[in-house]
Structures are given as C-alpha cells and as structure tokens.
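Good morning, and thank you for making time for this presentation. I should like to take you through one chain, strand by strand, and then to look at two of its residues in detail.

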Amino acid sequence: MTLKPWATVASSLFSASCAVATTLPGSAHIESPEQYQLLLESDSIEVLKMVLKPGEADLWHTHRDETVYFEKGGDLLIRQKGADDLRVSVPDGHVMWHQSWTHQVTNMGTKEVIAIIVESKK
C-alpha cells in the first residue's frame, strides 16, 4: 500500500468536496454510532469523537464544514463520492479543516485512530 503524506492530499480533498451528490448520507454519529460519539451540540456546532480500530471502517456519511484534530493518527483509506480514493498517513496531533463532504473512512493501519471533530451546523 502506498501512502501519501497528509499535506499532499489537501487539494484533492478540497476538489472532491465540491462535487454535490443528489442524496447525501446523514451525519457521522447517526450513520456510524459505533465509531462516532456526539460530545457537545449547540445551535452552531457539533463536537464528535471518532474512534476507528485497526481494520475498522465507518459507513458513508456527510460532514458539514469541519475542523478535525487527530489525537492519534494512522493510515487511512478515504473513499469519496465522485473522486478517487485517498490513502493517507495522518500524524498524531494533526489538525485539518475541510469543507462539507461525503466520505467513508477505513483504518488501514495497526493502531487505533482517534479524532475530535468540530462541525458547523450552518
């Protein structure tokens, strides 16, 4: 498996997020409650915790504009609607911002991946 450094896939992620699907899956914690926990909700944001065990995948889901902090990174396969699959190696402590998008994530590595997601509700 060839993994790209996380920084080199940012433009691919942004481009893919611009594609619009006609029927979008729901929020991550609704579609994959085994991997996502709702930590906080207000009128403007949701804060989620994602935990993916080695070899585990979540279901297709949609995020609105989001900031993600990877407490524990790892090797991920990200499938996106209307775009090529991405294989990325995310370092511990990595922070990213992403526009609204629909995707599915698989932990391809040997360690648990943990992320905190702050997602806009507007």
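Let me begin with one pair of residues: Leu76 stands opposite Val88 in β7. The partner strand on the other side of this pair is β6, and 5 bridges join β6 to β7, which run antiparallel. Strands here are DSSP runs of E with at least two residues, helices are runs of H or I with at least four residues, and both are numbered from the N terminus. Two strands count as paired if DSSP finds at least two bridges between them.

Before going further, I should state the basis of these values. This is a predicted model, in which local features need pLDDT of at least 70 and side-chain atom pairs count only at pLDDT 80 or more, while totals for chains, interfaces and linings use all residues. Residues are numbered from 1 along each chain as its sequence is written, and side-chain values use heavy atoms, with hydrogens and water left out.

Now to the chain as a whole. Its secondary structure comes to 2 helices and 10 strands. From the N terminus on, the elements run β-α-α-β-β-β-β-β-β-β-β-β. Of its 122 residues, 40% count as buried, where buried means under 20% relative accessible area, exposed means over 50%, and partly exposed lies in between, with a 1.4 Å probe and protein chains only. Take contacts, that is, heavy atoms within 4.5 Å. Among those in the chain between residues at least 6 apart in sequence, 73% join residues at least 24 apart.

I return to β6. This strand is mostly covered, since 5 of its 7 residues are buried. The hairpin of β6 and β7 has 5 residues between the strands, and there Gly82 takes a positive phi near 70°. β6 is also joined to β9 by 5 bridges, again in an antiparallel arrangement. In β9, the bridge partner of Leu76 is Asn107.

The next topic is the open sheet. What is the order of its 5 strands? The order is β2-β3-β10-β5-β8, with antiparallel pairing. The edge strands are β2 (36-41) and β8 (95-98), each of which pairs on one side only. On average, neighbouring strands of this sheet are turned by 20° against each other, direction ignored; the axes behind that angle are lines fitted to C-alpha atoms, for helices over the stretch in contact, and angles run from 0 to 180 degrees between N-to-C directions.

We may walk across this sheet from one edge. A hairpin joins β2 to β3 through 3 residues, and the two strands pair in the antiparallel sense over 5 bridges. Gln37 has Lys49 in β3 as its bridge partner. β3 is in turn joined to β10 by 8 bridges, and these strands run antiparallel. Here Leu48 stands opposite Ile117 in β10. At the other edge, β5 (residues 66-72) and β8 pair in the antiparallel sense over 4 bridges. Thr67 stands opposite Trp97 in β8, and Glu66 has His98 in β8 as its bridge partner.

In a regular strand the side chains alternate between the two faces of the sheet. Along β8, Met96 and His98 point to one face and are buried, while Val95 and Trp97 point to the other and are not.

Which residues touch the most other members of the largest nonpolar core? Of its 18 residues, they are Met50, Phe70, Leu76 and Ile78. At least two residues of this core come from each of β3 (45-52), β5, β6 (74-80), β7 (86-90), β9 (101-107) and β10. Such a core is a set of buried Ala, Val, Leu, Ile, Met, Phe, Trp, Tyr and Cys residues joined through side-chain atoms within 4.5 Å.

Finally, two single residues. Ala115 lies in strand β10 (residues 113-120). Is Ala115 buried or exposed? Ala115 is buried, because its relative accessible area is 0%. Leaving aside neighbours within four places in sequence, Ala115 is in contact with residues including Leu48, Met50, Val68 and Phe70.

His103 is found in strand β9 and is buried, with a relative accessible area of 3%. Its side chain makes a polar contact with the side chain of Trp101 (3.5 Å). A polar contact is a pair of N or O atoms within 3.5 Å; within protein, one must be able to donate a hydrogen and the other to accept it, and residues adjacent in sequence count only if both atoms are side-chain atoms. Beyond neighbours within four places in sequence, the contacts of His103 include Leu59, His61, His63 and Ile78.
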